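Reader: Hey, I've got a fold here that I'd like to talk through with someone. Can you walk me around it?

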Amino acid sequence: MTTFRGTDFQSVYATTIAATLLLADVAPAAPLDVKALYPLGVQRGETATVRVVGKLGTRPVHVWTSSDSLTAEVPDEGDTIEITANSDAPTGVHWLRLHNAEGASPLRPFVIGSLPEVEEKETNDFLEKANEVDAAGVVANGVLAKNGDVDCWAVELKRGQTLVAALAAHHDLGSPMDGVLQVVDGRGFVIDQNDDTRGNDPRLVFECPRDGRYVVRVFAFPETPTSSIRLAGGEDFVYRLTLTTGPYVDHVVPLAVTAGSTGVVRPRGWNLAGVEPTVPWASPSEGVARPTFAPADPLKLTVVTHPSHDESQASERPFLPPVTV
């Protein structure tokens with residue numbers, strides 16, 4: 001056992017306290033904890049300030065992207081990142097991964113779009129407080145941030161116009177929600193509703209019966225049903241709502257093309273007056289081909305290694321397998 005005289009003990013004690021205080025000033029390294037990103041997209045040629053729900057951890061933080069068309073910068077402070085899409089960036093879902101010296105986040109989807117983007121302004125739960133947007137074409141970004149949350153988006157429509165309202169949340173973005181869309185007229189009556197078109201994500205195609213202001217209302221139930229019957233929400237209930245009376249391409253015919261072949265695809269959707277009836281393509285040797293319609297929803301063509309036909313090619317029947325029809 002070591003015995004200290006009084007002065008020696010005081011010296012050792014003081015040295016220990018100083019070392020303890022010095023270590024206390026050094027913050028421990030912290031890993032990332034990314035629960036969600038908002039908004040989950042940006043228009044081509046624009047920059048979005050994206051809020052990170054969770055913790056960015058110890059700086060520096062870097063962002064890996066699946067596309068050279070996306071660049072990201074993380075400020076030294078705060079909980080946001082700046083994401084920029086090139087003006088010629090391919091539209092559709094791309095992927096991000098945030099990382100620092102302590103680890104990496106899961107892959108996160110991020111959409112490059114062709115339409116102007118807006119973010120919701122709370123409180124927009126009620127019809128009279130709906131956020132006003134341009135029905136000609138916009139992507140409305142929102143979060144159903146708590147249980148019972150409802151978001152309302154108002155548009156002015158003319159009789160005979162066709163409004164396409166398409167919600168992207170669960171299917172492509174991974175939000176844990178089963179969304180619902182409604183169209184409500186100026187008297188408060190629900191005149192159209194959709195629950196599920198693409199998995200849990202709804203889409204409405206609404207033909208306006210008379211001039212006026214209409215509200216597209218968004219709410220959700222949990223992705224996994226529970227015993228309670230109530231509207232759900234949370235900080236990760238992030239969505240993108242496309243609203244447009246302009247061209248909206250749902251799919252093309254054919255849906256699949258043969259690797260290395262050339263030809264045309266025909267768009268199918270709504271408000272397609274003025275859109276080219278056919279678009280030429282030359283498919284790559286593998287992966288997907290992306291026919292371009294502007295403006296339009298992002299599309300993909302499956303590329304197969306065997307012959308692909310559509311029903312107009314009746315003279316080539318019977319088809320011999322392997323074949324895609």
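Author: Sure, here is a quick tour, starting with the overall make-up and then going into the sheets and the core. Keep in mind that this is a predicted model.

Reader: OK, what's the secondary structure of the chain?

Author: The chain comes to 1 helix and 25 strands. Of its 325 residues, 41% count as buried. If you take contacts between residues at least 6 apart in sequence, 61% of them join residues at least 24 apart.

Reader: And what's the average pLDDT?

Author: The chain averages 87, and 85% of the residues score at least 70. Among the weak spots are residues 1-7, where pLDDT stays under 50 and the model has 2 contacts beyond four places in sequence. Residues 19-24 also stay under 50, with 0 such contacts.

Reader: What about the surface, how much of it belongs to carbon and sulfur atoms?

Author: 53%, out of an accessible surface of about 17500 Å² for the chain.

Reader: Let's go inside. Which residues have the most contacts in the largest nonpolar core?

Author: Tyr239, Leu241 and Leu243, in a core of 27 residues. The elements giving two or more residues to this core are strands 12 (138-143), 13 (151-157), 14 (162-168), 15 (177-184), 17 (203-207), 18 (212-222) and 19 (238-244). Strand 18 gives the most, with 4 residues.

Reader: Tyr239 caught my eye. What is it in contact with?

Author: Setting aside neighbours within four places in sequence, Tyr239 has contacts that include Ala140, Val143, Trp153, Leu167, Met177 and Val218.

Reader: Any other core worth a look?

Author: There is a second, separate one of 26 residues, which includes Leu40, Val42, Ala48 and Leu70.

Reader: Back to strand 19. How many of its residues are buried?

Author: 7 of the 7, so strand 19 is largely enclosed by the rest of the structure. On one side you have Val238, Arg240, Thr242 and Thr244, and on the other Tyr239, Leu241 and Leu243, all of them buried.

Reader: Why do the residues split between two faces like that?

Author: Because side chains in a regular strand alternate between the two faces of the sheet.

Reader: Got it. Which strands make up the sheet with strand 19?

Author: 5 strands form an open sheet in the order 10-12-19-14-17, with mixed pairing. Strand 10 (117-119) and strand 17 stand at the edges with a single partner strand each, so one side of each has no neighbour in the sheet. From one strand to the next the twist averages 20°.

Reader: How do strands 12 and 14 run relative to strand 19?

Author: Strand 14 runs antiparallel to strand 19, joined by 5 bridges. Strand 12 is also antiparallel to strand 19, with 6 bridges. To find the register, look for Ala166, whose bridge partner in strand 19 is Thr242. For Ala140, the bridge partner in strand 19 is Leu241.

Reader: What about strand 15, where does that sit?

Author: Strand 15 belongs to another open sheet of 5 strands, in the order 11-13-18-15-16, again with mixed pairing. The edges there are strand 11 (131-132) and strand 16 (190-194), each with a single partner strand, so one side of each is left open in the sheet.

Reader: And is strand 15 itself buried or exposed?

Author: Buried: 8 of the 8 residues are, so strand 15 is largely enclosed by the rest of the structure. Met177, Gly179, Leu181 and Val183 lie on one side, with Asp178, Val180, Gln182 and Val184 on the other.

Reader: How many bridges join strand 15 to strand 18?

Author: 8, and the two run antiparallel. Met177 has Pro222 as its bridge partner in strand 18. Strand 15 also pairs with strand 16 in the antiparallel sense, over 4 bridges. There, Gln182 has Gln193 as its partner, and Val184 stands opposite Val190.

Reader: What links 15 and 16?

Author: They form a hairpin with 5 residues between them, and Gly188 in the turn has a positive phi of about 90°.

Reader: Last one: where is Ala30?

Author: In the loop between helix 1 (6-24) and strand 1 (33-38). Ala30 is partly exposed, with a relative accessible area of 27%. Beyond four places in sequence, Ala30 is in contact with Gly57, Thr58, Asn100 and Glu102. Asn100 is 70 residues away along the chain, yet the C-alpha atoms of Ala30 and Asn100 are separated by 9.0 Å.

Key. Residues are numbered from 1 along each chain as its sequence is written. This is a predicted model: local features need pLDDT of at least 70, side-chain atom pairs count only at pLDDT 80 or more; totals for chains, interfaces and linings use all residues. Side-chain values use heavy atoms; hydrogens and water are left out. A nonpolar core is a set of buried Ala, Val, Leu, Ile, Met, Phe, Trp, Tyr and Cys residues joined through side-chain atoms within 4.5 Å. Buried means under 20% relative accessible area, exposed over 50%, partly exposed in between (1.4 Å probe, protein chains only). Contact means heavy atoms within 4.5 Å. Two strands pair if DSSP finds at least two bridges between them. Axes are lines fitted to C-alpha atoms, for helices over the stretch in contact, and angles run from 0 to 180 degrees between N-to-C directions. Accessible areas come from the Shrake-Rupley method with a 1.4 Å probe; for residues, only the protein chains shown count as cover. pLDDT is the predictor's confidence in each residue, from 0 to 100.
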